[in-house]
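Colleague: I'd like to go through this one with you and ask where the labels come from. Can you put it up?

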Amino acid sequence: MQIFTTIPGLRTFLADYRHDRSIALVPTMGALHKGHASLIRRAVAEAEITVVSIFVNPLQFAPTEDFSRYPRSLDSDRQLCASLGVAAIFAPSAETLGIGDSEDITAVIPPISLTSGLCGAFRPGHFQGVATIVTRLFNIIAPTIAYFGEKDAQQLAIIRQLVRDLNLAIEIRACATVRETSGLAVSSRNQYLSTAEREKATIIVKSLQLALESFHLGERQREKLLAIVQKNLDRVPEFRCQYLDLVHPQSLQPIEQIETDGLLAIAGLIGQTRLIDNIILRQRRAVIAIDGPAGAGKSTVTRLVAEKLGLTYLDTGAMYRAVTWLVVNSGLDLSAEAAIAELLSLAKIAIIPADSPENVTIVKINEQDVTLEIRSPAITAQVSRIAAQKAVRQQLVTLQREMGMSGGIVVEGRDIGTNVFPEAELKIFLTATPEERARRRLKDLEAQGNGGISLAELTQEIEKRDYLDSNRSLAPLRKAADAIEVNTDHLSIAEVTEKIIALYRQGEENQWRSL
Ligand code: AMP
């Protein structure tokens, strides 16, 4: 792991790596704890290289706040990052970031609608300071993905909007809040709390938990949910609440009733220490992501799981076939990537999943039904060339995410849990040893009357394919940090399906994302 304090140093280091690979950024203010570690772990698992920035940003502290006493621990931060597989730490000075001694800088001002409520009302200028520095880090590092904690929900919503508004090619990924065993959200500022204060501080999470339970019992009204939380907070008068609100997680505007999801957020003081916490109240059916190497039985198992659980099988293959059909029919050269990207952007692709296992996914392009045509040998022969194009992949991933937004889907691939649906409620990594996959393949080939290849040769072929799949620049095969590995070596298809269904039920019982 390398440490850089200058922009030329870091940029030169990254230039060697860049070539189409994914670069993750985890922006932090240091004093790293297990909350940061969970962001870093995910970044390391999901991207090819991870940069952690450590910068205590003076722009986001008001003069009355704790800038000078904010904890700093570069040595232990460095050790933690190295142990987690971080490629580089970027620890610039304020001068390096161009905010030395002057307020005369180009600032990034997020929309007032996002900054006027919640913490913004108590910390004027805070989010402008965050947005200004995060934009600089984004421009210096040019990451492909950046990780932020859900604990700072307002910050997360603001950064998402910033990326959209400034057309940055960066994907923002949110990570669940990491908590102490007591439930208290881990924070660098927890070090300021005495043992007694730490105990008192748990009233925040306990109150959020009550709201969650009430939500799962069907409560959707603002007034009722806030009253439950307020009543509980009142039990600990040492907690001086600054705000308690129920807002929309993206617009941050107060909501009267939860339709799809709501963000219940709390901030306040215990002694001199300011604490924040929140919870997303959302009820949706799960997204199940099934990844794994070729030949592990993914597609059969995925269809069966969808059928048995009454979920929708999202046929991503049909999407790539649809684009291939579009390109072939437009007469474009299959290697004209820019023209294809433009064509696809202007096209209207509708994927209507099958409502029963016997049916096929219906595909329409610009209102024309191409369900059957996309299965023709001519399309089958070309689809891998189209699927290898970055812009096609990006646009189809966006479509897949839109289709998965309200949950209730099962999807299989190589990077579904790490890239397409990193927030999936259940992630399975379905695998089998190369020898076992070779045995299965040989059996299939012999059944088709195509024997004549040895088991050793097939095993070698499969190992080679695994290597290529894991090292390709576009959508490499990767196991998500929170995926459950299911080795199918000694299991039948029915047993594998049952196992996944059992994991789903278990998650359902735990309400997926309870505190
Ligand atoms: P900070 O160093 O406080 O600016 O935090 C850096 C990043 O870590 C931010 O994206 C925070 O939201 C995230 N973070 C801080 N605490 C936690 C936590 N307990 N769980 C998850 N993420 C966290």
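Colleague: Which residues have the most contacts inside the largest nonpolar core?

Modeller: Val323, Val392 and Phe421, in a core of 35 residues. Keep in mind that the model is predicted. Helix α11 supplies the largest share of this core, 8 residues.

Colleague: What does Val323 touch, leaving aside its neighbours within four places in sequence?

Modeller: Val323 is in contact with Leu344, Ile349, Ile386, Val392 and Leu396. Another core lies apart from this one, with 33 residues, including Ile49, Val51, Ile99 and Ile133.

Colleague: Back to α11 for a moment. Why is Thr324 called buried?

Modeller: The cut-off for buried is under 20% relative accessible area. Thr324 comes out at 1%, so it counts as buried. It sits in α11, which spans residues 316-330. Not counting residues up to four places away in sequence, Thr324 touches Ile379, Gln382, Val383 and Ile386.

Colleague: And why is Thr324 missing from the definition of a nonpolar core, buried or not?

Modeller: Because that set takes buried Ala, Val, Leu, Ile, Met, Phe, Trp, Tyr and Cys residues.

Colleague: Now the aromatics. What makes the pair Phe61 and Phe67 edge-to-face?

Modeller: Two checks. Ring centres have to lie within 6.5 Å, and planes over 60 degrees apart count as edge-to-face. For Phe61 and Phe67 the centres are 5.4 Å apart and the planes stand at 65 degrees, so edge-to-face it is.

Colleague: What about the rings of Phe61 and Tyr70?

Modeller: Their centres are 5.7 Å apart with the planes at 75 degrees, so that pair is edge-to-face too. Phe61, Phe67 and Tyr70 form one aromatic cluster, and the structure holds 5 aromatic pairs.

Colleague: Are those three buried or exposed?

Modeller: Phe61 is at 9% and Tyr70 at 7%, so both are buried. Phe67 has a relative accessible area of 30%, so it is partly exposed.

Colleague: How do you know that the charged end of Arg72 sits over the ring of Phe67?

Modeller: The distance part of the test asks for CZ of Arg within 6 Å of the ring centre, and there's an angle limit of 35 degrees from the ring normal as well. The charged end of Arg72 is 5.0 Å from the centre of the Phe67 ring, and it is assigned as sitting over that ring. Arg69 does the like with Tyr192, at 3.9 Å from the ring centre.

Colleague: On to the sheet. What makes β1 and β6 edge strands?

Modeller: The sheet is open, with 6 strands in the order β1-β4-β3-β2-β5-β6 and parallel pairing. β1 (2-4) and β6 (171-175) each pair on one side only, and that puts them at the edges. Neighbouring strands are turned by 25 degrees against each other on average, direction ignored.

Colleague: How do you know that β3 and β4 pair?

Modeller: Pairing takes at least two bridges. Strands β3 (residues 49-54) and β4 (residues 88-90) have 3, in the parallel sense, so they qualify. Ser53 stands opposite Phe90 in β4.

Colleague: Which helix packs on the sheet, touching β2, β3, β4, β5 and β6?

Modeller: α6, residues 126-141, and its direction makes about 150 degrees with that of β2.

Colleague: Last one: why is Tyr17 called partly exposed?

Modeller: The class runs between the buried limit of 20% and the exposed limit of 50%. Tyr17 has 29%, so it falls in that range. It belongs to helix α1, residues 7-17, and its C-alpha is 8.2 Å from that of Ile49, 32 residues apart along the chain.

Notes:
Residues are numbered from 1 along each chain as its sequence is written. This is a predicted model: local features need pLDDT of at least 70, side-chain atom pairs count only at pLDDT 80 or more; totals for chains, interfaces and linings use all residues. Side-chain values use heavy atoms; hydrogens and water are left out. Helices (H or I, at least four residues) and strands (E, at least two) are DSSP runs, numbered from the N terminus. Buried means under 20% relative accessible area, exposed over 50%, partly exposed in between (1.4 Å probe, protein chains only). Contact means heavy atoms within 4.5 Å. Axes are lines fitted to C-alpha atoms, for helices over the stretch in contact, and angles run from 0 to 180 degrees between N-to-C directions. A nonpolar core is a set of buried Ala, Val, Leu, Ile, Met, Phe, Trp, Tyr and Cys residues joined through side-chain atoms within 4.5 Å. Rings of Phe, Tyr and Trp (its six-membered ring) pair if their centres lie within 6.5 Å; planes under 30 degrees apart count as stacked, over 60 as edge-to-face and the rest as tilted.
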